[in-house]
Amino acid sequence: MAHLCPASHDGEETLLLGALGLDSGTETVYRLMLEHPSWDVDQLAQGLGQGRSAVARALDSLADLALLRTADTDGSGPGTPLLVPPRAGLGALLERRQDELARTQLEIEASRSAVDALLADYVAHGRTGTASVERFTGNEAVQRVQSDLSAQARGELLALAPTAAAAGGGPWDLDVAVLLDLLARGVRVRVLHLPGVQRRSSVRRLAQAGAEMRTLPSLPLQLRIVDDARAVLPLDPEDPDTGAVLLTESGALMGLRALFTYLWDTAAEEESEGEAPATCSSQERALLRFLAEGLTDEAAARRLGISLRSERRMITALTERFKVSSRFQLGLQAAQQGLI
């Protein structure tokens, strides 16, 4: 069978589809599927002269771009990929790309404004102290101000804790008793800390009580933000025990909240030690069903009420649990096991 290559006119079509997220290999598979919509994975691999795994990766990319459905919804068999009609699929992909670019520009402008406000506040108030910027020196004052601030939380407490609950009891250690009381009162507690800290009993107690914990290999500084209204951070991040600054100025808080959100979305969720669910949860089943229906990651995340990053972490966990290498294969396994 002849090997097929994507058509192009002086590279224009390839460039267009590349801008929409299709690399050359994925585009080759897509064009062949347009010519032979009834072919299954093995036929596509044979037609391209490629291995089955390479075709499966391309199908995974097409499914992620909502150009392909993976479930046996039309009775064509679990081995047959189903194309979304090209006019609808490519048109929707182009609109999403335009929306993403517009959102990115808005986010850049908002971040620039937040950073400008934070810098302006630091220059204007950081040295003298005002109603919106207070300075504290000495490790006892540091411990007192961050513990008192934590106790004032009514809706949410956010913490960057590079030395959370470390042995020796530093002034920036998380006040576990205060945080447990907040959790019991329904306050949302989110903590970012370093890998390995979760093995400490005090941190495990927080996680078991409902605190949301994530890890990063490194964190820039100690930070507590309460109810988006007050924040405390070190005067000197290189020597945090010597002093702290308490901020209530809205521009500075916006910038610090943006920093926390960025790090939180980048971080890894903690896993329960020694536990691996034998079956899919109702949320995971719903995610598998949405993917089988051809929903994009963004749409599936909105339907589930979670962030895009959390949705993608769920997909990664499911592919590992089912021991498959692509989302297309994940869809097949889920269909064969009656999960969707």
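1. The loop between β7 (223-226) and β8 (230-234) contains Asp227, and Asp228 has its place in the loop between β7 and β8 as well. This structure is a predicted model. Asp227 is not a glycine, yet its phi is positive, at about 55°. Asp228 likewise has a positive phi of about 55° although it is not a glycine. Most residues other than glycine have a negative phi, and a student may therefore wish to look at this loop with some care.

2. Are these two loop residues buried, partly exposed or exposed? Asp227 has a relative accessibility of 27% and so counts as partly exposed. Asp228, at 43% relative accessibility, also counts as partly exposed. The cut-offs that place both values in this class are 20% and 50%, because buried means under 20% relative accessible area and exposed means over 50%.

3. The next topic is charge pairing. How many salt bridges does a search of the whole structure find? The search finds 10 salt bridges. One of them is formed by Glu156 and Arg188, whose closest N and O atoms are 3.8 Å apart. This pair links distant parts of the chain, since Glu156 belongs to strand β4 (residues 156-161) and Arg188 to strand β5 (residues 188-193), 32 residues apart. Glu156 counts as buried because its relative accessibility is 13%, whereas Arg188, at 39%, counts as partly exposed.

4. Glu156 also takes part in a salt bridge with Arg190, with a distance of 3.2 Å from N to O. Arg190 lies in strand β5 and Glu156 in strand β4, so this pair ties together parts that are 34 residues apart in sequence. Arg190 counts as buried, because its relative accessibility is 8%.

5. A further salt bridge joins Asp297 and Arg312, and the closest N and O atoms of this pair are 2.9 Å apart. Which two helices does the pair connect? Asp297 lies in helix α11 (residues 297-304) and Arg312 in helix α12 (residues 308-321), so the bridge ties together parts that are 15 residues apart in sequence. Asp297 is buried, with a relative accessible area of 2%. Arg312 is partly exposed, with a relative accessible area of 39%. Elsewhere, salt bridges that share partners join Glu156, Arg188, Arg190, Glu212, Asp228 and Arg257 into one network. Asp228, described above for its positive phi of about 55°, is thus a member of that network.

6. Helix α12 also holds Thr319. Thr319 is buried, because its relative accessible area of 13% falls under the 20% cut-off. A polar atom of the Thr319 side chain lies 2.7 Å from the backbone oxygen of Thr316.

7. Helix α9 (residues 250-266) permits a simple check of helix length. What span should its 17 residues have at 1.5 Å a residue? The expected value is 24 Å, and the end C-alpha atoms are 24 Å apart, which agrees. The calculation multiplies 1.5 Å by one less than the number of residues. The N-terminal end of α9 is capped by Glu249, which has a side-chain oxygen 2.9 Å from the backbone nitrogen of Gly251. Gly251 is itself buried, and the buried residues of α9 also include Ala252, Leu253, Gly255, Leu256, Phe260, Leu263 and Trp264.

8. Helix α3 (residues 41-48) and helix α4 (residues 52-64) have axes that come within 9 Å of each other and cross at roughly 110°. How are α3 and α4 oriented relative to each other? They are roughly perpendicular, because angles from 65 to 115 degrees are placed in that class. The crossing of α3 and α4 is right-handed.

9. The last point concerns Trp172, which lies in the loop between β4 and α7 (176-184). Is Trp172 buried or exposed? Trp172 is buried, with a relative accessible area of 1%. Its C-alpha atom is separated by 7.9 Å from that of Pro240, although Trp172 and Pro240 are 68 residues apart along the chain.

Note on methods: Residues are numbered from 1 along each chain as its sequence is written. This is a predicted model: local features need pLDDT of at least 70, side-chain atom pairs count only at pLDDT 80 or more; totals for chains, interfaces and linings use all residues. Side-chain values use heavy atoms; hydrogens and water are left out. Helices (H or I, at least four residues) and strands (E, at least two) are DSSP runs, numbered from the N terminus. Buried means under 20% relative accessible area, exposed over 50%, partly exposed in between (1.4 Å probe, protein chains only). A polar contact is a pair of N or O atoms within 3.5 Å; within protein, one must be able to donate a hydrogen and the other to accept it, and residues adjacent in sequence count only if both atoms are side-chain atoms. A salt bridge is a side-chain nitrogen of Lys or Arg within 4 Å of a carboxyl oxygen of Asp or Glu. Axes are lines fitted to C-alpha atoms, for helices over the stretch in contact, and angles run from 0 to 180 degrees between N-to-C directions. Angles under 35 degrees count as roughly parallel, over 145 as roughly antiparallel, 65 to 115 as roughly perpendicular and the rest as oblique. A crossing is left-handed if the near helix is turned anticlockwise from the far one by less than a right angle, and right-handed if clockwise.
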